[in-house]
Amino acid sequence: MMDVDLRIVLPGDLIPVDTESKVVLGPGLRQEGEDVVATKAGILRHIESGNRWWIESNQKRYIASTGESVIGTVTAKLGEYFRVDIGTAHAAVLPMLAFENATKRNKPNIQVRSLVYCRISMANRDMESELECVNPTTGKADGFGELVGGYVFNCSLGLCRRLLNPNTPMLTLLGEHFPFEIAVGMNGRVWINSEEPNVTILIANAIQHSEYLSEEECRQMVKDLISKL
């Protein structure tokens, strides 16, 4: 469950996090000794499940953070790894063995310009980020891997985070009328796939326009879009 109290923080602010217990720090937060410090301005967010903390802001350039899911474009296929554009200042690296059931003899056949849904396994501001297409807990793909077909579009980082919140109404409202697949990257990219191209575009447009709408406004927008099909 996400905390409802909103707190605006600025770079350098101390965050009241109990570092003696297990805590997961997301984007915008850094541990310095026993203190947790904000590194960017935004809204402080907290989820009790897993004791996760992060700062939500609508920054334009994505900054990689370990554990986040991203959508990337393969830009090069080299010896033992792919080079992937995930929207950061530098390309990320995706090892060919970082896929479910991948071995030196059985490597994934992914071509340049393909889309991949990945998890950031290592992020360091002084090094290229490293990606993987498996869930480290289960060792299975669990949805990660190549995204075939469909349509990908960009939106704000804040909207992507809200789409991953199960309480966000837009995806529920759309799912009541259309069957579709969706992959949301924390790097500001969303992939949609449905049975018909016009439905795919309708869903993409609805998501892009939902950022600042209330639940009732989202419901009315979906109703209007359906009437125009």
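This passage describes the strand pairing, one helix and several salt bridges of a predicted model.

An open sheet in the model contains four strands, arranged in the order β1-β6-β7-β3 with mixed pairing. Its edges are formed by β1 (7-9) and β3 (24-25); each has a single partner strand, so one side of each is left without a neighbour in the sheet. Within this sheet, β6 (residues 42-47) and β7 (residues 52-56) run antiparallel and are joined by five bridges. One of the residue pairs is R45 with W54, the latter lying in β7. In general, the strands of a sheet pair through backbone hydrogen bonds, in either a parallel or an antiparallel sense.

A further set of pairings involves β16. Strand β15 is joined to β16 by six bridges, and the two run antiparallel. V184 stands opposite V190 of β16. The two strands β15 and β16 make a hairpin with three residues between them. In the turn of this hairpin, G188 has a positive phi of about 85°. Strand β16 also pairs with β14 in the antiparallel sense, over four bridges. Here N154 is placed opposite R189 of β16. Most of β16 is covered, as five of its six residues are buried.

Helix α3 contacts several of these elements. The helix has twelve residues, which at 1.5 Å a residue should span 16 Å. The C-alpha atoms at its ends are 17 Å apart, which agrees with the expected value. The buried residues in α3 include V199, T200, L202 and I203. A204, A206 and I207 in α3 are buried as well. On the strand side, the buried residues of α3 pack against β14 (151-154), β15 (180-185) and β16 (189-194). The buried residues of α3 also pack against the helices α1, α2 (169-175) and α4.

Charged side chains form another group of contacts. Side chains of opposite charge can pair when their charged atoms come close. With a cut-off of 4 Å between the side-chain nitrogen and the carboxyl oxygen, the model has nine salt bridges. Three of them are described here, beginning with E32 and R30.

In the salt bridge between E32 and R30, the closest N and O atoms are 2.6 Å apart. E32 has a relative accessibility of 39% and therefore counts as partly exposed. R30, at 40% relative accessibility, is likewise classed as partly exposed.

A second salt bridge is formed by R83 and E128, with 2.5 Å between the closest N and O atoms. This pair links distant parts of the chain, as the two residues are 45 residues apart. R83 belongs to strand β9 (residues 81-85), while E128 is in the loop between β11 (115-122) and β12 (130-132). R83 is partly exposed, its relative accessible area being 22%. E128 is also partly exposed, with a value of 36%.

A third salt bridge joins R162 to E211, and its closest N and O atoms are 3.3 Å apart. R162 lies in helix α1 (residues 157-163), and E211 is in the loop between α3 (197-208) and α4 (215-228), so the pair ties together parts that are 49 residues apart in sequence. The relative accessibility of R162 is 26%, which places this residue in the partly exposed class. E211 has a relative accessible area of 16%. Because buried means under 20%, E211 counts as buried.

Note on methods: Residues numbered from 1 in each chain as written. Predicted model: local features only at pLDDT ≥ 70, side-chain atom pairs only at ≥ 80, totals over all residues. Heavy atoms only, no water. Buried < 20%, exposed > 50% of the residue type's maximum accessible area, 1.4 Å probe, protein only. Expected span 1.5 Å × (residues − 1). Contact = heavy atoms within 4.5 Å. Pairing = 2+ DSSP bridges.
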